[in-house]
Amino acid sequence: MTDWSTGNCETNGINIHYTRTGGSKPPLILLHGLTANGACWAALAHAIEGDYDVIMPDARGHGKSSVPDYGYRYEDHANDVVGLIEALRLSPPILIGHSMGGMIAAVVASRNPELLRCLILADPTFLSPKVQREIRDSDVADQHRRYLNMSLDDVVAEARIRHPDRSLDTIELIARARLQTSMGAFDVLTPPNPNYMQVVSAIEVPSLLVIGGSAGVVSPDVAADLRRLNPRLQVEQIPEVGHGLHYDQPERFAFVVKSFLRSIGTVIVP
């Protein structure tokens, strides 16, 4: 990662920090999930940087980006992505998002199709109103507060127990990102989320939905419903993993991404 650059983009009254692989190649933006940051995409970025100018922003309230007192709705995050694209004067980029980042990416695509080349959603937070309320009422924010009072070594140690098959590099990146996530970022969990059926139905660019197995967020049945709703949407399942697709199966996830991008002709991918 030593030859990658970093920068800050001023948009919507805040600064968005990003890491960028660079080069005169098609731009590709990676949007992370809640408690992650741009650096958590390192494995995929390394796998595709030969063909793409990969841009990995930290969402507001995460990483080295600004921590405003308010403004953590999905619409706010989506506006930040639009601002980033415009500030960096990117040609229409490929947009990839995981979890919270997947919903953000979907909102961007549904509202600004002219800004994007294509879209990949990795187990986005397409949640029913009931599940949204359950998550809001759970102890997820309290758990994060506990992490913020722990050392990096202790966060890493807990993560290694929970995810013994993940690489140590990945675990450390996720742990560092966790400790750089503000409590305010959890406001994104306040219902209601955008109606994901309406969002997906409005997407006009070529799109791929990647889902995991039974521990994932988006079930095969929901994915099939979305595929029927929008014929531009392709669906790929990696059944051996849960929600952390690109963490638990980075090589398989990169293969799925490359295969889709090859199929729609964004670049010649070996």
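1. In the counts below, Ala, Val, Leu, Ile, Met, Phe, Trp, Tyr, Cys and Pro are taken as nonpolar, Asp, Glu, Lys and Arg as charged, and the others, Gly among them, as polar. On that basis the lining of the largest pocket divides into 18 nonpolar, eleven polar and three charged residues. The model is a predicted one.

2. The largest pocket holds about 1000 Å³ of space. Its lining is made up of 32 residues, and those nearest the centre are Leu34, Thr35, Ser99, Arg178 and His243. Four helices each supply at least two lining residues: H4 (129–136), H5 (140–148), H6 (152–162) and H7. Of the elements, H7 gives the most to this lining, with four residues.

3. The second largest pocket has about 190 Å³ of space. Twelve residues line this pocket, with His17, Asn37, Ala39, Lys64 and Gln180 closest to its centre. Two elements give two or more residues here, namely strand S2 (14–20) and helix H7. By class, the lining of the second largest pocket consists of three nonpolar, six polar and three charged residues.

4. Turning to enclosed space, the model has three cavities of 30 Å³ or more. The largest cavity contains about 130 Å³. Its lining consists of Ile16, Leu31, His32, Pro57, Asp58, Ala59, Arg60, His77, Asp80, Val81, Gly101 and Ile104.

5. Which helices each supply at least two residues to the lining of the largest cavity? They are H2 (74–87) and H3 (100–111). H2 gives the most, with three residues. Sorted by class, the lining of the largest cavity has six nonpolar, three polar and three charged residues. The charged members are Asp58, Arg60 and Asp80.

6. The second largest cavity has about 80 Å³ of space. Around this cavity lie Cys40, Trp41, Ala42, Ala43, Leu44, Thr170, Leu173, His246, Tyr247, Pro250, Phe253 and Ala254. Helices H1 (42–48), H7 (168–179), H10 (245–248) and H11 (250–263) are the elements that give two or more residues to this lining.

7. How many charged residues does the lining of the second largest cavity have? There are no charged residues; the lining has ten nonpolar and two polar ones. The two polar residues are Thr170 and His246.

8. A point to follow in the structure is helix H7. This helix supplies at least two residues to the lining of the largest pocket, and H7 also gives two or more to the lining of the second largest pocket. For the second largest cavity, H7 is again among the elements that give two or more lining residues.

Key: Residues numbered from 1 in each chain as written. Predicted model: local features only at pLDDT ≥ 70, side-chain atom pairs only at ≥ 80, totals over all residues. Heavy atoms only, no water. 1 Å grid on protein atoms, 1.4 Å probe; cavity = no way out; pocket = protein on both sides within 12 Å on 5 of 7 lines; lining within 4 Å. Points joined across faces, edges and corners; volume = space filled by probe spheres on them.
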